[in-house]
Amino acid sequence: MPAPSAPVLVTGATGKQGGATARALRAAGVPVGALVRDPATDRARAVEALGAELVTGDLHDRESLIQAAKGARAVFSVQIAPLTAGGFDFDAEVAQAVNLIDSAKAAGVPQFVQTSTSGAGRHTEMPGGEAVALTLNAKAAIEEHVRTAGFPHWTILKPSFFMENFLPSMTFLFPRGVAGGLVSVIKPQTRVSLVATDDIGGAAAAAIATPERFDGVALELASDYLSMTEIAAVLSRVLGTPLPAPDMTEEQALAAGMPAMGASHKWLNVSGPPARPESAREFGLALTGFEEWARQHLRAERLRTRG
Ligand SMILES: NC(=O)c1ccc[n+]([C@@H]2O[C@H](COP(=O)([O-])OP(=O)(O)OC[C@H]3O[C@@H](n4cnc5c(N)ncnc54)[C@H](OP(=O)(O)O)[C@@H]3O)[C@@H](O)[C@H]2O)c1
C-alpha cells in the first residue's frame, strides 16, 4: 500500500479538469505526478511549475500507464473523445479509460477518481442528436468499468455544463465575438446546471484527502443552477455590454455561427443533466457561483471589449 505521502497521478493535467485537480492538490501540499504526452510543451511546463512531476505517457499506451501509476496513492482520470474525420470517436474514449483503469489496478493503486458527466447512463434517443446519447453511453461504460474494477476506494464525479463554455475566447457560445451576442439553442427560460472546473478539481482533491468518505460515491456536480436569462444578465453585467438570452431555432443558431455540436444543447431544454448544487454542498464542497466565476474569469474579455 503506498504511503499517504505518495504522489497522485493526474491525467489531463494540461487541460481544464486535470489542471484544476493538479492545482487543488498542489495547493493542499499533495505530491502530483502529471501524465503528459509531451513534456516539452508550454502547457506541460506550466503544470511542472505548480510543483508537479511530469510523467510521460499516453492513454493509448498501457505499458506507459502501468509505469506511471506504480507507487501512486490515487489516480485522477479524465478522457476526451478524439475528433476524427468521421466525428468524435467515443470507442477510443472508452478504450483510453479502460487502459487507465486496468493499468492502475495492475499497478496496485488503492484509489481511483473518475470524472464523467452529469446524467451519464444508457440512452438511445436524445433531443439534440445522436452525439448526446453516444457521449452519455460512453461515460456510462467507463463508470461501469470503474465500479467493477475492484479498487479499495473509487469515486465518480459527474460534472454538469462547464462555466468555461461561456469564455468568449472558446467561441462556443460567442461565435461572432462578444459584440455579436450569445448564440445558442438553449431557450431563455431553460435552467442550466453549471459547474466551475475549479470546483471539479476541489471535489477531486477532497475525495483524495478522504477516500473513505467518498468511497463508492457518484457525485452529480453543479456549482450553480440558473436560467439562460439569468446567465445572460450576469454576462451583461460583467462584460459591460447588453447580452440578451437568445431565443433561436437550430437553423437560426447555425446560421449565426453556432458550431454543429451546439445542437446537442437542445437536450438542456427538455430534461438536461440532473446535477444540482445541493449534492456537492452535502459533502461540504466549496462552490463557485456563476457571477463570482464570471468576475474572476471574464475580466480580460471585459477590458478588451472596452478597449
Ligand atoms: N464541456 C463541458 O461542459 C463538459 C461537461 C461535462 C463533462 N465534460 C467532459 O469533459 C471531458 C474533457 O475534459 P476537459 O475539458 O478537462 O479536457 P481538455 O481541457 O480538453 O483537456 C484534455 C486533456 O486530455 C489530454 N489528452 C488527450 N488525449 C490524450 C492521450 N491520448 N493520452 C494522454 N492524455 C491525453 C490532453 O493532453 P495534451 O496536452 O497532451 O493535449 C489534455 O490534458 C470530456 O470527456 C467531456 O465529455 C465536458
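A residue counts as near a molecule or strand if one of its heavy atoms lies within 4 Å of it. The model is predicted, so that local features need pLDDT of at least 70 and side-chain atom pairs count only at pLDDT 80 or more, while totals for chains, interfaces and linings use all residues. Residues are numbered from 1 along each chain as its sequence is written, and side-chain values use heavy atoms, with hydrogens and water left out.

**Exercise 1.** Determine which residues come nearest to the ligand, and describe the polar contacts (pairs of N or O atoms within 3.5 Å) of T14, K16 and Q17.

*Solution.* Step one: the ligand has 23 residues around it, of which T14, K16, Q17, R37 and Q79 come nearest. Step two: a side-chain N or O atom of T14 is 2.5 Å from a ligand oxygen, whereas K16 places a polar backbone atom 2.8 Å from an oxygen of the ligand, and Q17 likewise has a backbone N or O atom 2.8 Å from a ligand oxygen. Step three: of the 940 Å² of accessible area (Shrake-Rupley method, 1.4 Å probe) that the ligand has on its own, the protein covers 81%.

**Exercise 2.** Establish how strands β2 and β3 are joined.

*Solution.* Step one: β2 (residues 32–36) and β3 (residues 53–56) run parallel and are joined by four bridges, where pairing requires that DSSP find at least two bridges, and strands are DSSP runs of E with at least two residues, helices runs of H or I with at least four. Step two: V36 has T56 as its bridge partner in β3.

Conventions. A polar contact is a pair of N or O atoms within 3.5 Å; within protein, one must be able to donate a hydrogen and the other to accept it, and residues adjacent in sequence count only if both atoms are side-chain atoms.
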